[in-house]
Amino acid sequence: MPITTHPNPDLSVGPDRHPHWNSAPYRRQGFHNLHRVARYTQTFRAARVQDLRLSAELAIPARDDVRRLTALPWFSAMAVTEGNRLLYEAYAPDFTPDQPHSIMSISKLAAHLILGRLWEDGKIGMDETLGEILPFIGPGYHGATVQDAANMNVHNAYDEDYTNPDTTAFLHEVAMGMRLPEGPEPANRDFLAGIGLAKGATDTTNPTGACLYKSANTDVLMLAAEARGGRPLRLWLADLADAAGIEGALHMGTDRHGMPIFSGGICLTARDLCRYGAIFARKGQGVDGRPFGSAAFLDTTLRGGVPMPAPRAHLRYSNQTNTNGTWVGHGGYGGQYLVANPDTGRVACFLSVLQNDAGYDADYYPSVIEMLAAICAG
């Protein structure tokens with residue numbers, strides 16, 4: 001008797017052109033469980049955990065913006081740390097301190113740390129073209145430099161318009177193991193290699209004067225990092241978990257071949273997200289005092305970058321971070337943001353899940369960023 005089957009319901013694409021886990025009515029459950037929903041994941045735990053002791057700073061919950069933003073129905077969690085001190089944490093009724101949450105593009109901060117270490121060790125040059133490092137890469141990246149990809153300063157055919165359910169960024173989910181393919185399932189490497197030039201363009205020069213946000217840039221950079229670093233990306237992730245002193249687990253989504261999705265594949269608890277961000281607050285040092293990133297690279301990041309478009313035009317996109325010259329951070333699709341301030345040693349994160357059709361609202365983030373930056377300023 002033949003065995004019957006049906007498509008995986010979490011990953012099937014519905015009438016809204018989103019996989020079920022990312023469809024507006026189910027997105028909250030999806031973000032709270034993406035470490036289990038994604039088809040392929042790797043998990044990393046630290047040998048030694050960074051201690052966090054409650055040392056409540058009562059001025060934080062007294063802030064009007066904290067009260068307002070944590071009362072929104074989209075809110076999942078918020079945490080603030082300084083060294084070993086847990087200054088504040090809050091959770092929605094359906095979320096707990098030990099529950100992982102998708103951090104989406106905050107994952108890109110890991111690319112900054114890896115690039116910084118390779119740059120300081122002289123293993124990668126920011127002025128090298130990606131075609132020099134990755135001869136197989138297609139015209140969408142072949143002539144672009146490492147620096148331009150790191151600064152989201154590449155013009156190509158990859159599109160990331162979240163209001164369009166058929167944008168390249170969502171179609172990329174097939175190669176990430178985050179939705180079922182309609183045909184053959186491509187490896188992420190092959191998907192990235194197939195990205196071409198923008199229509200009518202003869203090269204990858206950015207004509208806009210502002211950064212062009214493309215998540216594919218990050219995964220291409222990590223292929224270059226693997227090629228120049230001479231070690232598998234999974235070993236960098238094991239080192240990252242140790243450098244951050246992760247208490248729970250660092251969950252990383254991969255493609256079918258095991259390539260980690262640095263563009264948006266990490267899931268962490270709120271406390272562990274602050275531990276991750278604290279590597280930047282410590283200027284690249286791990287919890288054991290050994291460098292994981294690079295203080296010198298962080299300094300160039302704070303001084304460099306390309307202007308971001310409105311409503312974040314006061315920030316620059318620099319080496320896979322957002323920065324105003326004092327702090328570094330990053331946002332994540334769906335409602336996430338992390339800020340780390342090397343001057344004060346403070347880290348603050350905010351996790352939430354927007355449940356509009358697009359899963360994104362550019363006007364949602366500025367008040368979150370302003371709140372986290374103010375708290376991290378001390």
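**Helix packing and backbone features of the predicted model**

Helices α5 and α14 cross in a right-handed manner; a crossing is called right-handed if the near helix is turned clockwise from the far one by less than a right angle, and left-handed if anticlockwise. The model is a predicted one, so local features need pLDDT of at least 70 and side-chain atom pairs count only at pLDDT 80 or more, whereas totals for chains, interfaces and linings use all residues. Residues are numbered from 1 along each chain as its sequence is written, and side-chain values use heavy atoms, with hydrogens and water left out. Helices (H or I, at least four residues) and strands (E, at least two) are DSSP runs numbered from the N terminus.

Two packed helices are described by the angle between their axes and the distance between the axes. For α5 (108-120) and α14 (residues 295-303), the axes come within 8 Å and cross at roughly 115°. Here the axes are lines fitted to C-alpha atoms, for helices over the stretch in contact, and the angles run from 0 to 180 degrees between N-to-C directions. On the α5 side, the contact (heavy atoms within 4.5 Å) is made by His112, Leu115, Gly116, Trp119 and Glu120. Ala295, Ala296, Phe297, Leu298, Thr300 and Thr301 make it on the α14 side. These contact residues divide into six nonpolar, four polar and one charged. In this grouping Ala, Val, Leu, Ile, Met, Phe, Trp, Tyr, Cys and Pro count as nonpolar, Asp, Glu, Lys and Arg as charged, and the others, Gly among them, as polar.

Helix α5 itself is mostly covered, with eleven of its 13 residues buried. Buried means under 20% relative accessible area, exposed means over 50%, and partly exposed lies in between (1.4 Å probe, protein chains only). The buried residues of α5 are Lys108, Leu109, Ala110, Ala111, His112, Leu113, Ile114, Leu115, Gly116, Arg117 and Leu118. At 1.5 Å a residue, its 13 residues should span 18 Å, and the end C-alpha atoms are 19 Å apart, which agrees; the expected span is 1.5 Å times one less than the number of residues. Just after α5, Gly122 takes a positive phi of about 75°.

Helix α11 (216-229) is largely enclosed by the rest of the structure, because eleven of its 14 residues are buried. Among them are the polar or charged Asn217, Thr218 and Asp219, together with the nonpolar Val220, Leu221, Met222 and Leu223. The buried residues of α11 pack against α5, α6 (130-133), α7, α9 (173-176), α10 (188-193) and α12. From its first C-alpha to its last, α11 reaches 20 Å, close to the 20 Å expected at 1.5 Å a residue. Gly230, just after this helix, has a positive phi of about 70°.

In the partner helix α12, the buried residues are Leu233, Trp236, Leu237, Leu240, Ala241, Ala243 and Ala244. They cover an arc of only 165° around the axis, which puts them on the same side of α12; the arc is that of the directions from the helix axis to the C-beta atoms. Their packing partners are β1 (41-44), α5, α11, β6 (250-253) and α13 (270-281). The twelve residues of α12 (residues 233-244) should span 16 Å at 1.5 Å a residue, and a separation of 17 Å between the end C-alpha atoms agrees with this. Gly245 follows just after α12 and takes a positive phi of about 65°.

Two residues other than glycine also have a positive phi: Met152, at about 50°, and Lys283, at about 60°. Met152 is found in the loop between α7 (146-150) and α8 (168-171), where it is buried, with a relative accessible area of 0%. Lys283 has its place in the loop between α13 and α14 and, at 43% relative accessibility, counts as partly exposed. A further backbone feature is the cis peptide bond from Ala310 to Pro311, with omega near 5°. Pro311 belongs to the loop between β8 (306-307) and β9 (316-318).

Two C-alpha separations complete the description. Ala374 lies in helix α15 (residues 365-376) and is partly exposed at 31% relative accessibility; its C-alpha atom is separated by 9.8 Å from that of Ala348, 26 residues apart along the chain. Pro2, in the segment before α1 (27-32), is exposed, with a relative accessible area of 73%. The C-alpha atoms of Pro2 and Cys349 are 347 residues apart along the chain and separated by 50 Å.
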